[in-house]
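Me: Please take a close look at one part of this protein, a loop and the elements on either side of it, and then relate that part to the rest of the chain. A connected account would suit me better than a list.

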Amino acid sequence: MPTGRLVAADPSWLMSWERSGIAPFTATVPPGSYPLTLALVERPEDKRVAAARLAIRDEPVAAWEMALRPGQDLGTLRDGEAFTVGVDVATIALFDTVALEAMARRTEEDPDSYYVDQADRPVELHDRASGANLIAFNTGWGDGGYPVWIGRTTTGAVACFVIDMAMLAPPPTPTSSSPS
């Protein structure tokens with residue numbers, strides 16, 4: 001992450017990122033390389049990603065907060081609501097904002113470049129110009145919206161970002177969704 005500004009998005013929406021409201025989260029971290037861990041749920045018929053964790057610091061989490069994008073206000077949410085990453089292709093991509101335009105061009109040129117065919121095998125794409133990478137992985141129940149949480153240390157530093165795939169909830173009823 002060359003700038004330390006994380007973006008989480010449905011990669012199929014990158015071609016229209018400005019119109020889709022794709023932007024980095026307001027919480028920033030020091031530039032660097034950080035490991036991504038996927039927690040999998042294995043069922044007889046398949047494997048699914050239950051959560052994804054981008055570890056920033058190897059310190060315990062003392063508090064959790066919702067990750068916000070510019071203009072989002074927790075005060076506008078009702079009980080039980082969350083800001084989420086909208087998904088239409090059962091995939092979320094994580095990357096540094098410096099690579100946004102390059103990844104948008106890449107997905108326009110090759111829409112299948114981010115295609116993930118197995119939950120335990122994420123796809124990694126590189127942007128040589130910026131030094132950033134994009135990691136795409138399957139989402140829990142597929143299409144829908146998934147909240148991103150920030151774990152903070154006792155000093156308030158970002159320890160991790162966690163994307164909750166809502167695997168402990170029943171599978172959602174299929175609906176059509178569009179970027180918001």
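Reply: In this predicted model, Ala90 sits in the loop that links β5 (84-87) to β6. The backbone there takes a phi near 55 degrees, a positive value in a residue other than glycine. With a relative accessible area of 22%, Ala90 is classed as partly exposed, because the buried class ends under 20%.

The strands that flank this loop both bear on Ala9, a residue of strand β1 (residues 6-9). Leaving aside residues up to four places away in sequence, Ala9 touches Leu14, Ile22, Val85, Thr91, Ile92 and Ala93. Val85 is 76 residues from Ala9 in sequence, yet their C-alpha atoms are 6.0 Å apart in space. Ala9 has a relative accessible area of 3% and is therefore buried.

From β6 the picture extends to helix α2 (residues 100-109), in which Leu100, Ala102, Met103, Ala104 and Thr107 are buried. Since an α-helix has 3.6 residues a turn, residues three or four places apart point the same way. The buried residues of α2 pack against α1 (17-20), β6 (91-96), β7 and β8.

Two of those partners, β7 and strand β8 (residues 132-138), pair with each other in the antiparallel sense over 5 bridges. Strand β7 (residues 123-127) has a covered face made of Val123, Leu125 and Asp127, while Glu124 and His126 form its uncovered face. His126, on that uncovered face, has Asn133 of β8 as its bridge partner. The hairpin has 4 residues between the strands, and Gly131 there adopts a positive phi near 85 degrees.

A second alanine with positive phi offers a parallel to the loop residue: Ala166, in the segment after β10 (158-164), has a phi near 55 degrees although it is not a glycine. Its relative accessible area is 30%, so Ala166 too is partly exposed. Ala166 is among the residues touched by Ala50, together with Ala39, Leu40, Val41, Ile163, Asp164, Met165 and Met167, again leaving out residues up to four places away in sequence. Ala50 belongs to strand β3 (residues 47-55), and its relative accessibility of 17% is why it counts as buried. The C-alpha atoms of Ala50 and Gly151, by contrast, lie 17 Å apart, with their positions 101 residues apart along the chain.

How do these parts fit into the whole protein, and in what order do its elements run? There are 2 helices and 10 strands, arranged from the N terminus as β-α-β-β-β-β-β-α-β-β-β-β. Of the contacts with a separation of 6 or more, 69% join residues 24 or more positions apart, and the pair Ala9 and Val85, with 76 residues of separation, illustrates such a span in sequence. Buried residues make up 44% of the 180 residues.

The radius of gyration is 16 Å, which agrees with the value near 16 Å for a compact globule of 180 residues. The C-alpha trace spans about 40 × 40 × 35 Å along its principal axes. The protein exposes about 9,700 Å², and carbon and sulfur atoms supply 49% of that area. As for charge, the protein has 14 positive and 24 negative charges, whose mean positions are 3 Å apart.

Conventions: Residues are numbered from 1 along each chain as its sequence is written. This is a predicted model: local features need pLDDT of at least 70, side-chain atom pairs count only at pLDDT 80 or more; totals for chains, interfaces and linings use all residues. Side-chain values use heavy atoms; hydrogens and water are left out. Buried means under 20% relative accessible area, exposed over 50%, partly exposed in between (1.4 Å probe, protein chains only). Two strands pair if DSSP finds at least two bridges between them. The radius of gyration is taken over C-alpha atoms; the globule rule is 2.2 Å times the number of residues to the power 0.38. Contact means heavy atoms within 4.5 Å. Accessible areas come from the Shrake-Rupley method with a 1.4 Å probe; for residues, only the protein chains shown count as cover. Lys and Arg count as positive and Asp and Glu as negative; His and the chain ends are not counted. The place of a charge is taken as NZ of Lys, CZ of Arg, CG of Asp or CD of Glu.
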